[in-house]
Amino acid sequence: MAAVAPPVSHSHDISVIRELIAKHKRWDFIFGLIGLLALMIGVLTFTALFVDMAIKGVPRLDLEFFTSFPSRRASQAGILSAWVGSTLVMMVTAFFAVPLGVAAGVYLEEYAPKNWVTDVIEINITNLAGVPSIVYGLLALGLFVYQFGFGQSILSAGLTLALLILPVVIVATREAIRGIPQAIREGSYALGATQWQTVQHHIIPYSSAGILTGVIIGMARAIGETAPIITIGALTFIAFLPASPVQAAPPFVSFEWLLSPFTVMPIQMFNWTSRPEAAFLVNAAAAGFVLVLMTLAMNGLAIWLRYRLRKKIKW
Amino acid sequence: MSAVAPSGSASTTVMAQGLTSARLAQRRSRIWREKLIEFVLFAAASVSVFVTIGIVYVLVSESVQFFRHVPIWDFLTDTQWTPLFDDAHFGIMVLLSGTITSSLVALSVAIPLGTIIAIYLSEFAPFKLREVAKPFLELLGGVPTIVYGYFALLFVTPILQAIYPELPGFNLLSAGLVMGIMIIPYVSSISEDAMRAVPMSLREGSYAMGATRYQTAVKVVVPAAISGIASAYILGISRAVGETMILAVAAGMQPSLTFNPLEPAATITAYIVQVALGDLPHGSVGYQTIFAAGLTLMLLTLVFNILGHALRKRFREVY
Amino acid sequence: MTAPETAVAVKAEVRNLSFYYSDFHALKTLNMPVHDKKVTALIGPSGCGKSTFLRCFNRMHDLYPGNRYEGDIRLYPDDTNLLSKEVDPIEVRMRISMVFQKPNPFPKSLYENVAYGLRVRGERNKRMIEEKVEQALRGAALWDEVKDRLDDLAFNLSGGQQQRLCIARALATDPEILLFDEPTSALDPIATASIEELITDLKHKVTILIVTHNMQQAARVSDYTAYMYLGELIEFDVTDTIFIKPKKKQTEDYITGRFG
């Protein structure tokens, strides 16, 4: 091979280039550090928060704490009415939010035509996702508590939180449904199924895991919400439990509890945090720790579900 | 050529007709059922519209009553907020100052850190780190705000007081700082989504020119994702303005016209909580103030949400 | 394969190049010269590895994990091995530019797009940048069309103009080799013709390596052609020879359309 080097030596000096690159790569390195540092700030804050709650609160956690009502004496105060209240409110929330949210999501993905009505609905959902939670409380106060006459009750609270997390459930449903390939729908229709049959037998089952993830995230958010519930008028000192849903006498099921006054975990914590006595602050830390564990567990579950989902379903 | 019917066709035709009409009737009821189901689903979807209408109705109707007692001009320009005094003043600026100050503190933390984290995760971090960091940030954003409030009051404030002993127990600074950390995940996840949407071909074009990772990220990817990043910022602002519990717990609930974060003050949201905790009779002016305040808040966040949405639509359209 | 006997300068030499995508042996012991200030075309059916080969020249594969090079690509006059682990890919890319299949202008103004490479190299002198931008745009036959709207966003150009902008961008830094990865496959026939004309003009200033799935384009534009199949270099020769009297039957089969 008659290999002859080109006659013109190039205008760029190799060493100049190398110096320039080294200088620029230093910036690469520095930014890598800065990015890690920024992440560390988040990690540090979270750890400080968690550890602080744990150190102050865990010693206070015993069976009595979970089974006692609040009391003027800090050492005897407990979160019984709070966690029962939270559980009951969550039941109502899920009862309304899940069917409404999934139905809305299914409608928007499978049925809705591309017209201005659909646009209005979608704009509303996006908008509602950004409304501050306390405004939902005001809505509930004016509408549920007074206008509809539900009073300052578990029903009002559950409805309010259901509306609050509705956008979360709707978006999760829509995204889960969007993941289903068109080929599956076509296969169902080609066999003569109606739209509802396709939705019932294919769309909803295949998207259920994604929907579940969204519901869990929504519920995790609802458990921690304080502002709207305070606005409705949840009392901060409740030393009784709502009437039990299950009764000995017929008709064996009671709905009295729906209209009962109540309190929830975040409000109990808020109440104790507002007291100057150190002992109550310990109670607050304990309640807070339980709250954080609950929301962590629920969010963690949702994240894990999402991870499993990604690995399992390969269309 | 017309078909010649086979023998015995008369009964077949009648039977066929019977089958056909049965099938038709079935089809009719099936169509009816499908339409009913569609309507039910549509009703569920339109609940969101009714919620918005409900919010507007409640806020506006109570505010209208409020503005019968209090002139709008006073509402907007008075420098005192003392609705429960005999000599009552209703200057929303007082509450707004608390909201603005705390939000500024929060955003001065959330925007830089959120953006840096987004760029780092999108352009620099190894895959495994991303897989861990993203869920972690979700958890950070999922902590109940009352817990953050407790943290601000009883952990952050004492630390700040060690540095600056004159800091009052209730102050906008620690509430703002903690709020900022809470908002980081909002800013970083939307910014990161915007950056990941930038096609690889643009990055390859930049690398092919001899650029480093940092140069490509800052000169090509961020400008390409800018409308998505802007919408992330706006979402952060909206979130900061609407936050309640962190401020109610750590900044105190004393309305005060101040832009100094080292002082306690009430935000619009904290004020509403304060009233709700008390015992204001339904229909009194005091009761109506929370709706007027809520309306102001709603309008503020509405403006930000609309802006943010418009920007996010733009970034989706470009690709 | 023997190179032609004329003593034409060689800008780069590929020696026993092999390339692996993880375990997949994508390129098998390639040997080829790249002649200075000439156009060398890489042709072959889909999946033959021609783009993979091209992207070795500017170490694009380094952007993605799991890739491995064996062998050398030597760049003259300094005899640097482009594939060596001691040579920074960024350095390689500062000397060798690339134009991609789908035009990828940055979301910036026309001016800033072309100036990008200069800025990355630390050029601060405004006059110098302006001069080079104009020079590059002229070289890409785009100057007259856009000289009045240099501040316009690059996205507003037509597909053919965007590709010429990308060529200008690549030219602005005086590259030693200009790589074209199927530059006209996303363009209409008129834009394609103008790009081909441009390439024929450019070769007097810079060495060009072009991948194309369009045989006629290779015949029109290139001085040398390499025919590849399933990761191997089957035949390399002067373009006329390859297209009129190829030495290997495989090449002949491809050229005459018997397959591919």
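Which residues in helix 1 of chain A meet which residues in helix 3 of chain B? I took this as my opening entry, noting that the model is predicted.

**Entry 1: the helix pair.** From helix 1 of chain A, I listed A:Phe31, A:Gly32, A:Ile34, A:Gly35, A:Ala38, A:Leu39 and A:Ile41. Their partners in helix 3 of chain B are B:Leu113, B:Ile116, B:Ile117, B:Ile119, B:Tyr120 and B:Phe124. I sorted the residues of this contact into 11 nonpolar, two polar and no charged.

**Entry 2: geometry of the pair.** I then looked up how helix 1 (residues 14-57) of chain A lies against helix 3 (residues 92-124) of chain B. The two pack at an angle of about 120°, and their axes are 9 Å apart. Helix 1 of chain A is therefore oblique to helix 3 of chain B. I recorded the crossing of these two helices as left-handed.

**Entry 3: the whole contact between the chains.** I found 67 residues of chain A and 68 residues of chain B in the contact. On the side of chain A that touches chain B, helix 1 of chain A gives the largest share, 17 residues. That side of chain A divides into 43 nonpolar, 21 polar and three charged residues.

**Entry 4: a single residue.** I turned next to A:Leu301, which I located in helix 11 (residues 278-312) of chain A. Is A:Leu301 buried or exposed? I noted A:Leu301 as partly exposed, because 15 other C-beta atoms lie within 10 Å. Burial would require 20 or more such atoms, and exposure 12 or fewer. I also looked up A:Thr213, 88 residues from A:Leu301 along the chain. The C-alpha atoms of A:Leu301 and A:Thr213 are separated by 8.1 Å.

Key: Residues numbered from 1 in each chain as written. Chains lettered and ligands numbered in written order. Predicted model: local features only at pLDDT ≥ 70, side-chain atom pairs only at ≥ 80, totals over all residues. Axes fitted to C-alpha atoms, helices over the stretch in contact; angles between N-to-C directions. Helix = DSSP H or I, 4+ residues; strand = E, 2+ residues; numbered from the N terminus. Parallel < 35°, antiparallel > 145°, perpendicular 65-115°, else oblique. Left-handed = near helix turned anticlockwise from the far one by under 90°. Contact = placed C-beta atoms within 7 Å. Nonpolar A, V, L, I, M, F, W, Y, C, P; charged D, E, K, R; others polar.
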